[in-house]
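The following paragraphs lead through one structure, from a single residue outward to its surroundings. Please keep the sequence and the coordinates in view while reading.

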Amino acid sequence: VLKRPSDYANELNVSASYLNECVKNVTGFSVTHQIQRRTILEAKRLLFHSNKSVKEIASELGYDDYPYFFRLFTKVAGMTAVAFRKKNHD
């Protein structure tokens, strides 16, 4: 799972700064922001459509540091992963 802007830049054969400049010009947000949004979108999909634990989902998405993933999810989604699952399964 690619999580760093430099990973995507390498795949596209451009520099990370050029990729960030292009993405920011088009979307208004940094590459990092876009990667985080996409990752959390995938986490939400897994929370909704599977019975995997949040820790298992974090690991599947390439986050071995569960507390970091938990904070990232909360920051991007505006609620914890557990609250998201509960809200969408009630």
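Setting aside neighbours within four places in sequence, F48 is in contact with N88 and H89. The model in which these contacts occur is a predicted one. F48 belongs to helix 3, and its C-alpha lies 6.9 Å from that of N88, although 40 residues separate F48 and N88 in sequence. With a relative accessible area of 37%, F48 is partly exposed, because this value falls between the limits of 20% for buried and 50% for exposed residues.

The contacts of F48 lead to the packing of two helices. Helix 3, residues 31-49, packs against helix 6, residues 81-89, at an angle of about 50°, and the two axes are 9 Å apart. Helix 3 is therefore oblique to helix 6. The crossing of helix 3 and helix 6 is right-handed. On the side of helix 3, the contact is formed by K44, L46, L47 and F48; helix 6 contributes A81, F84, R85, N88 and H89. By character, the residues of this contact comprise 5 nonpolar, 2 polar and 2 charged ones.

One residue of that contact, L47, also leads into the interior. The largest nonpolar core contains 15 residues, and L47, I57, L61, F69 and F73 are those with the most contacts inside it. At least two residues of this core come from each of helix 3, helix 4 (54-60), helix 5 (66-77) and helix 6. In soluble globular proteins, nonpolar side chains tend to be buried together.

F69 offers a more detailed view of these surroundings. Beyond its neighbours within four places in sequence, F69 is in contact with I40, A43, V54, I57, A58, L61 and Y63. Two of these partners, I57 and L61, are themselves named with F69 among the residues that have the most contacts inside the largest core. Another core, of 5 residues, lies apart from the largest one; A9, L19, V23 and V31 are among its members.

A last point concerns the backbone at N13. Where is N13 found? N13 sits in the loop between helix 1 (5-12) and helix 2 (16-27). Its phi is positive, at about 60°, although N13 is not a glycine. Is N13 buried or exposed? N13 counts as exposed, because its relative accessibility is 71% and the cut-off for exposed residues is over 50%.

Conventions
Residues numbered from 1 in each chain as written. Predicted model: local features only at pLDDT ≥ 70, side-chain atom pairs only at ≥ 80, totals over all residues. Heavy atoms only, no water. Axes fitted to C-alpha atoms, helices over the stretch in contact; angles between N-to-C directions. Helix = DSSP H or I, 4+ residues; strand = E, 2+ residues; numbered from the N terminus. Parallel < 35°, antiparallel > 145°, perpendicular 65-115°, else oblique. Left-handed = near helix turned anticlockwise from the far one by under 90°. Contact = heavy atoms within 4.5 Å. Nonpolar A, V, L, I, M, F, W, Y, C, P; charged D, E, K, R; others polar. Core = buried A, V, L, I, M, F, W, Y, C linked by side-chain atoms within 4.5 Å. Buried < 20%, exposed > 50% of the residue type's maximum accessible area, 1.4 Å probe, protein only.
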